[in-house]
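Q: Please take me through one part of this structure slowly, and then work outwards to what surrounds it. I'm happy with cut-offs, as long as you tell me what they are.

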There are 2 protein chains.
Amino acid sequence: MKNLAVKAKTASRALAIKTASQKNIVLKQMAKLLKNNASLIQKENKKDLINAKKNQLSGAMIDRLTLSDDRIKAMADGIIQIATLKDPVGEIIEQWEQPNKMRITKQRVPIGLVGIIFESRPNVTADAAALCLKSGNGCILRGGKEAFYSNSVIVKILQSALKDKTFDPNMISFVNKTDRALVKEMLRLEGIIDVIIPRGGKSLIKAVTEQSLIPVIKHYDGNCHIYVDKFADFKMALEICINAKTQRPGVCNAAETFLIHEGVAKKFLPLLGKELNAHKVEIRGCTQTKKILPKIKKASKDDWVMEYLDLIVAIKVVKDIDEAINHINNFGSGHSDCIVSKNKLAKNNFVERVDSAVVFANVSTRFNDGFEFGFGAEIGISTDRLHARGPVGLKELTTYKYVVEGNGQIKN
Amino acid sequence: MKNLAVKAKTASRALAIKTASQKNIVLKQMAKLLKNNASLIQKENKKDLINAKKNQLSGAMIDRLTLSDDRIKAMADGIIQIATLKDPVGEIIEQWEQPNKMRITKQRVPIGLVGIIFESRPNVTADAAALCLKSGNGCILRGGKEAFYSNSVIVKILQSALKDKTFDPNMISFVNKTDRALVKEMLRLEGIIDVIIPRGGKSLIKAVTEQSLIPVIKHYDGNCHIYVDKFADFKMALEICINAKTQRPGVCNAAETFLIHEGVAKKFLPLLGKELNAHKVEIRGCTQTKKILPKIKKASKDDWVMEYLDLIVAIKVVKDIDEAINHINNFGSGHSDCIVSKNKLAKNNFVERVDSAVVFANVSTRFNDGFEFGFGAEIGISTDRLHARGPVGLKELTTYKYVVEGNGQIKN
């Protein structure tokens, strides 16, 4: 493991100084080879699918594992899309001169070597590798054992593209054993691997964070709220609530709790209840909500912290905006939270005091997303507070260094 | 411990939205009360000093522990200086509009609750608390047991300044037991404490990193290099080498290794050797260096990774700039490294490829410092790659959030 990482680190140093056009040529070659080798990929993918059936994985798991023609094409197209994005490396973030005439430049550089630990979906392999390459980072990929054959062949194809264009293939390294002890070893290679990005369920992220000596960029859950203010436009509030809850309920930026100002609850809740019923959403409400919508389930304390990822929503009537803000800061997960209001003071108060990665005013929480932000790609949505918050795109895969130039300045 | 942290977290939320002038009033009150209570501070400090003598602490330790009149004044003046600095909170980092007309603002916000774990010097208490307050962060301070009485009284005085100005005193919290188990507990309060900053020796930082579930901003050692290029101005190279090594050898940005291009070694090393002798610096050289300076000690492999923090230097002759860059990237600690050269290509090559927090061209490494960078204050120099690299000032004690404003955008 250490040997693999050291080779990847050396390769990452060489990659860090490649130009955007050199990197883009490799990315295009990767996309081409993935398309050209679709049948080889599917042959290996079949081995994983046979094992999956043998091990009685769920239908959803098997679906995520399957590399259809369309999915292979989408993987290749994704890489071409990354090739079109602006290279963040070398960007001058700040530049100034001190009174002693030394000139300080703060400039964007790659993080170095990124360790990615992920579960079932094999397309993450190509995605993550391409994002790392474009941002000048080497990567070590450790996929789940259920996608082992698929991941292996994808990495081999990506590496052959690197070789074709005389890049060191170790830039994209792959842990080709599924032994769990290797992950533990990987997480202790501080100073060689610079950051760990786990992609998968909460238990994976938690286990990685507990064991890692290396900084981790975490993608925890989204317990997202929509607060419908006293000054909300009802039509807008209904549209945002329904969109945030039902457009794709299984993702982290979907809404899980609605908070309704008591001044509008009596009028608004019946409208909302009707729409939610029409969308087959189960409602769990507080006592006041249940008075207005008597047929719903009563919410328990657990409901305020749940990320359902399903067609279920918790609803609470709040006496004012302060209660809404406190509820979000206390029970939310700091992911994506929204106010619907026409009142400027209320909006300002909310966006200032809600302590979340992305705070929305009159916009569905579903827009917390690297593509929707215009980043062109994302490796996930960070729930951390340090380094990267919210969508993690190419820029968030970089760090900075200072270059200080002078003419012999010494310290007195 | 958890109770203390939860109270501090609540206080930090209130602090996050205070204005610069509200915070500055409190800072000035803190400085005033520290000065007014100098004799009380010294009375408590004496208890620590008596214990220190009883426990036979070294003279250097006792010196660091002692709060003289001058040091108390310096502590107060430091806080007043922090009050004059620009408040980083609320700064708009970026702002743009997406094609769907939603407006995205990336703005600077406090990190939240900062845990500071530090050793002997009690002035860190006032420094760290003031920096956190100014940047809108609550803090939990855990000082060493040898400075327990001094730290306690300083925190009490700072808290009374908070109360005077109707701020919640829990913004500055103090772990008033020196039990080690409490530190372990503190390091597991993820989601309540947002970042841990250890201030002290390598073993403290290492222990904290191993145990912490919370992200840590680390201040590891500086194995700093000066590379004297073939195209160096000898006078400048001598001045920078001597300054970086001898001006204050016990600090992390002092130089520990000189790398000399073999094309100038025969002429330059005798001059350098003479100056180093005059400054009583012990030299440990490679085989080639020893041929030119026969009286010096032979360097062992360990010398290339040592942070001497003393009047000792390792010298190696390198065959070209590539060898210098590789040596620094392999044996250095990524802290502060310098090239002395008149050649533009050499300088560009070096600053591009040396992978350190601060890379200098013709400037002494001693300038890797928050004050010298114009930050006005610093809590340390980060050797991490994520979030904060190099000097950690007020800006580095903040993070960002996105505010997305629209008029009812929903996702299709």
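The part I have in mind is β13 (358-363) of chain B, on the side that touches chain A, so tell me what that strand is up to.

A: First, some housekeeping: this is a predicted model, where local features need pLDDT of at least 70 and side-chain atom pairs count only at pLDDT 80 or more, while totals for chains, interfaces and linings use all residues. Residues are numbered from 1 along each chain as its sequence is written, with chains lettered from A and ligands numbered from 1 in the order in which they are written.

Now your strand. Six of the six residues of β13(B) are buried, so the rest of the structure largely encloses it. Buried here says that 20 or more other C-beta atoms lie within 10 Å of the residue's own; exposed is 12 or fewer, partly exposed is in between, and the C-beta atoms are placed from the backbone. The strands are DSSP runs (E, at least two residues), the helices likewise (H or I, at least four), numbered from the N terminus.

Within its own chain, β13(B) pairs in the parallel sense with β12 (residues 336-340) of chain B, over four bridges. Two strands pair if DSSP finds at least two bridges between them. One of the bridges here sets B:Ser336 against B:Val358.

B:Val358 also has a partner across the chain boundary: A:Tyr402 stands opposite this residue. That belongs to the link with strand β16 (residues 398-409) of chain A, which is joined to β13(B) by five bridges and runs parallel. Further along, A:Val404 has B:Phe360 as its bridge partner.

Zooming out to the whole contact, 54 residues of chain B touch 55 residues of chain A, where contact asks that the C-beta atoms, placed from the backbone, lie within 7 Å. On the chain B side, at least two residues each come from α9 (202-211), α10 (234-246), α14 (344-353), β13 and β16 (398-409). β16(B) gives the largest share, 11 residues. By type, that side splits into 24 nonpolar, 17 polar and 13 charged residues. Nonpolar covers Ala, Val, Leu, Ile, Met, Phe, Trp, Tyr, Cys and Pro; charged is Asp, Glu, Lys and Arg; the others, Gly among them, are polar.

How do the copies relate? Chain B lays on chain A with an RMSD of 0.0 Å after a turn of 180° and a shift of 0.0 Å along the axis. The two copies are thus related as by a two-fold rotation axis. The fit is by least squares on the C-alpha atoms of residues with pLDDT of at least 70 in both copies. The same surface serves both, with 100% of the contact residues of chain B recurring in chain A.

In chain B, B:His387 is the residue that comes closest to that axis, with its C-alpha at 2.0 Å. In the other chain, A:His387 sits in the loop between β14 (380-382) and β15 (390-392). A:His387 has a positive phi of about 65° although it is not a glycine, and is buried, with 20 other C-beta atoms within 10 Å. B:Gln56 has a positive phi too, about 50°, again without being a glycine, but counts as exposed, with 8 C-beta neighbours inside 10 Å.

For another parallel pairing, look inside chain A: five bridges join β3 (residues 113-118) to β6(A). A:Gly115 has A:Ile196 as its partner there. Strand β6 (residues 195-199) of chain A is mostly covered, four of its five residues being buried.

Last stop, helix α11 (residues 262-278) of chain A. This helix bends by about 50° at A:Phe268, and A:Pro270 follows within four residues; the bend is the angle between axes fitted to the seven residues ending there and the seven starting there. A:Phe268 is also one of the buried residues of α11(A), along with A:Ala265, A:Leu269, A:Leu272 and A:Leu276. Their cover includes β7 (224-228), α10 (234-246) and β8 (255-261) of chain A. Just past the helix, A:Lys280 takes a positive phi of about 60°.

Technical notes. Contact = placed C-beta atoms within 7 Å.
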